[in-house]
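User: Could you take a close look at one part of this model with me and explain the terms as you go? I am in my first year, so plain words would help.

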Amino acid sequence: MIGNRGGNFLIVSADVEKEPHRLLAANRLAAHLHLAEGYVSRAFCIKPHDFYIVTRGPKHVAEARQLIMYLAHVEFGLPLAVVGRKYQRDRSTASYACRTIEHRREDPFFDQLVSEIEELITLRKDPLFGSFVWRAK
């Protein structure tokens, strides 16, 4: 079972010793997500901890949070419920964020920004994830 506590992904299972690749994959995924948060916070000129504030915050912070939720779901394949919990939001809020970012990608400048961040954080080039598909159970 995959859990989320304090913004960190955990493997909660008695079989961790039998499946060390799952723990390694979860830690590698958390590192990639942390990297994505860094790139998005840099692009929006915010502090990475702003993603975790309980209130909506200023518009640019909310937009940055929407982008990181989009990347977590689309690029890393995390379920919307997990993404929502990580950023202290509801699953429906994470879904709305993904729809909003998809709509904003019609703007060529914004699409280029997102594409560049996706290229920097992709798991497709990570040898650990070559055949591994992330799915929470």
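Analyst: Q88 sits in the loop between α3 and α4. (Helices, H or I runs in DSSP of at least four residues, and strands, E runs of at least two, are numbered from the N terminus.) Q88 has a positive phi of about 55° although it is not a glycine. That catches the eye because most residues other than glycine have a negative phi. With a relative accessible area of 44%, Q88 is partly exposed. (Buried means under 20% relative accessible area, exposed over 50%, and partly exposed in between, with a 1.4 Å probe and protein chains only.)

Before we go on, remember that this is a predicted model, in which local features need pLDDT of at least 70 and side-chain atom pairs count only at pLDDT 80 or more, while totals for chains, interfaces and linings use all residues. Residues are numbered from 1 along each chain as its sequence is written, and side-chain values use heavy atoms, with hydrogens and water left out.

C45 is another residue other than glycine with a positive phi, near 55°. Its place is in the loop between α1 and α2. C45 is exposed, at a relative accessible area of 69%.

Now step back to the whole chain. The protein has 5 helices and 2 strands, and along the sequence they follow the pattern β-β-α-α-α-α-α. Of its 137 residues, 44% are buried. Count the contacts (heavy atoms within 4.5 Å) with a separation of 6 or more, and 63% of them join residues 24 or more positions apart.

Let us follow α1 from here. Helix α1 (residues 20–43) and helix α2 (residues 59–74) pack at an angle of about 150°, and their axes lie 10 Å apart. (Axes are lines fitted to C-alpha atoms, for helices over the stretch in contact, and angles between N-to-C directions run from 0 to 180 degrees.) The two helices are therefore roughly antiparallel. (Angles under 35 degrees count as roughly parallel, over 145 as roughly antiparallel, 65 to 115 as roughly perpendicular, and the rest as oblique.) On the α1 side, L33, A36, E37 and V40 make the contact, and on the α2 side A64, L67, I68, L71 and A72 do. These residues divide into 8 nonpolar, no polar and 1 charged. (Ala, Val, Leu, Ile, Met, Phe, Trp, Tyr, Cys and Pro count as nonpolar, Asp, Glu, Lys and Arg as charged, and the others, Gly among them, as polar.)

Helix α1 also meets α5, again with an angle of about 150° and axes 10 Å apart. That makes α1 roughly antiparallel to α5. Here H32, L35, A36, Y39, V40 and A43 of α1 meet L113, I117, L120 and I121 of α5. By class, this contact has 9 nonpolar, 1 polar and no charged residues.

What about α2 and α5? They pack at an angle of about 45°, with axes 12 Å apart, and are therefore oblique to each other. L67, Y70 and L71 of α2 make this contact with V114, I117, E118 and I121 of α5. The residues come to 6 nonpolar, no polar and 1 charged.

Look closely at V40, which belongs to helix α1. V40 is buried, with a relative accessible area of 0%. Leaving out residues up to four places away in sequence, V40 touches F51, A64, L67, I68, L71 and I117. The C-alpha atoms of V40 and L67 are 7.4 Å apart in space, although the two residues are 27 apart in sequence.

V40 and L67 also appear in the largest nonpolar core, which has 29 residues; those with the most contacts inside it are V40, L67, I68, L71 and F76. (Such a core is a set of buried Ala, Val, Leu, Ile, Met, Phe, Trp, Tyr and Cys residues joined through side-chain atoms within 4.5 Å.) The elements giving two or more residues to this core are α1, α2, α3 (80–86), α4 (91–104) and α5 (108–121). Helix α2 gives the most, with 8 residues.

For a contrast with V40, try R28, which is found in α1. At 30% relative accessibility, R28 counts as partly exposed. Its C-alpha atom is 9.4 Å from that of L123, and the two residues are 95 apart along the chain.
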